[in-house]
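Colleague: I should like a close look at a single part of this model, namely the side of one chain that touches the other. Please describe that part and then set it in its wider context.

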Amino acid sequence: MILNPTGLSAAEIAQAVAARKITALSVTEAALARIRQHDTVLNSFTDVTAERAVGRACAIDAALAAGEKVGPLAGVPFAVKNLFDVKGLSTRAGSRINRDLPPAARDATLIERMEASGAVLVGALNMGEYAYDFTGENVHDGPSRNPHDPTRMSGGSSGGSGSAVGGALVPIALGSDTNGSIRVPSSFCGVFGLKPTYGRLSRARSFPFVASFDHLGPFARSVTDLALAYDAMQGGDADDAACTTRAIEPVTPLFKQGLGDLRVALAGGYFQQNLFAEAKEAVSRVANALDITRTVELPEAARARAAAYVISTVEGASLHLDRLRKRPHDFDPAVRDRLIAGAMIPAPLVDRAQKFRRWYRAQVMELFKTVDVIIAPATPCIAPKLGQATFVLDGVELPVRANIGIHTQPISFIGLPVAAVPVPLEPMPIGVQIIASPWREDIALRVAFALEQMGVAVAPQPRGL
Amino acid sequence: MAADPLDDYIDAVAKALALGIENAWRPAVKANLEVSLRLARMVDDFALPDETEPASIFTA
């Protein structure tokens, strides 16, 4: 039987390739054709590595023909946010300035691990400049667009990752999340995203933003595919000082075991404020499906968001200080002006924010003695229109950029693992955060899978293509 | 009208860090700084024990 590779999940592709029902080359060619056909609208790719991908796919097919074993992602096309080093490409990190860097000499660790599992890299993806963004807009490359309505934002800063997976150009993409940059595009583009525990996945050979909060993780159209990618990428790495030395803890054998006696609660207070009706509806659907009766309060969540904001702007400013001196005109002006302001925050205030972080973490860990999972909105709204500067919430006009990540920042601030799941509302999907205690990605994915099985969390087919 | 002390602060820090700020950018830099300082003060207002460790990430 000859399968049509278009529309297959990563798991289905890998199984079909391994069983030689389909070739890795035909899957790769189909993905490249779909990118050519639809990326003129989505603008999710900044680089398509077609020659490399074809070579890699042929090598997998040759290995299979020789009777060799292939990995659990055999022949699965994937793409990466363009802050990952891709051998032979300058790591632009959404910027103009970084295009002057020499081509990367080696792939990022996570690309190496995906390819060691058989996946096929097909390109690098659009993103907000230097990851300081929640919109997916980029002044140098143009915005990546929402696959369900190309007049709307993809979300940032991993906008191309959300757009490419939401548009079914690739079944898996990788992105980064400092304050919400996996969870926000997942929400806007209607896909699953996993921000693992801080330190779980290696960041080696990716361009940083805020060392205290930077995480890398996968996007996919199903929990099964998300888990496959996540498991392929686990493992310590001496090239990332923050990467864990814990043993690999595969989730694939665990996430289908059902909800069991998991204790699930809704995040109250701060997380039930500043929400449009669609965000409330999405959380309500998840709460009803999980039969949640309990609400918990993450103490001082607003202050946690404030501290995350301060640390982000200061560490970002420190990272870019010399570029701000030498090439200020080559930045996106909005990013530049935020970073210059960040350079001016007095040091004691940053130290206090890091001390507050310790306090807040301890309080939230106390909560996790009585619950296993906390549910919260991923974004306050569905994807805004491209270029939209403000929205009106409860009669108050608020800036869009500053408010998109208000519900994600207090969570990544202390590195908790989160699965963002898409709730397929009409006309646009919106995401919900499934939050677990540190190192329990398996629990977040168990709940995500249960919601997927119930039909509550689904990655809708792209409506805008 | 009296000069805003924040303008003097921006001038002084920019000079200390050798950061050039063109007049056209100045209002946006100032607006961003006002937001950042407001949020930083919100954290500053929260009393913490003297023994509180910062949430460092480096381990040797």
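Modeller: In this predicted model, 26 residues of chain B are in contact with 35 residues of chain A. On the side of chain B that touches chain A, the elements giving two or more residues are α1 (5-17) and α2 (26-44) of chain B. Of the elements, α2(B) gives the most to this side, with ten residues. In composition, the side of chain B that touches chain A divides into 20 nonpolar residues, four polar and two charged.

As to confidence, chain B has a mean pLDDT of 92, and 88% of the residues of chain B reach 70 or more. Where pLDDT is low, predicted coordinates should not be read in detail. For the complex, the predictor gives an ipTM of 0.94 and a pTM of 0.97.

The partner in this contact, chain A, has 14 helices and 15 strands. The radius of gyration of chain A is 21 Å, close to the 23 Å that the globule rule gives for 465 residues, so chain A is as compact as a globular protein of that length. The C-alpha trace of chain A spans about 60 × 55 × 45 Å along its principal axes. Within chain A, 60% of the 465 residues count as buried. Of the contacts in chain A between residues at least 6 apart in sequence, 77% join residues at least 24 apart.

Key: Residues numbered from 1 in each chain as written. Chains lettered and ligands numbered in written order. Predicted model: local features only at pLDDT ≥ 70, side-chain atom pairs only at ≥ 80, totals over all residues. Contact = placed C-beta atoms within 7 Å. Helix = DSSP H or I, 4+ residues; strand = E, 2+ residues; numbered from the N terminus. Nonpolar A, V, L, I, M, F, W, Y, C, P; charged D, E, K, R; others polar. pLDDT = per-residue confidence, 0-100. Rg over C-alpha atoms; globule rule 2.2 N^0.38 Å. Buried ≥ 20, exposed ≤ 12 C-beta atoms within 10 Å, placed from the backbone.
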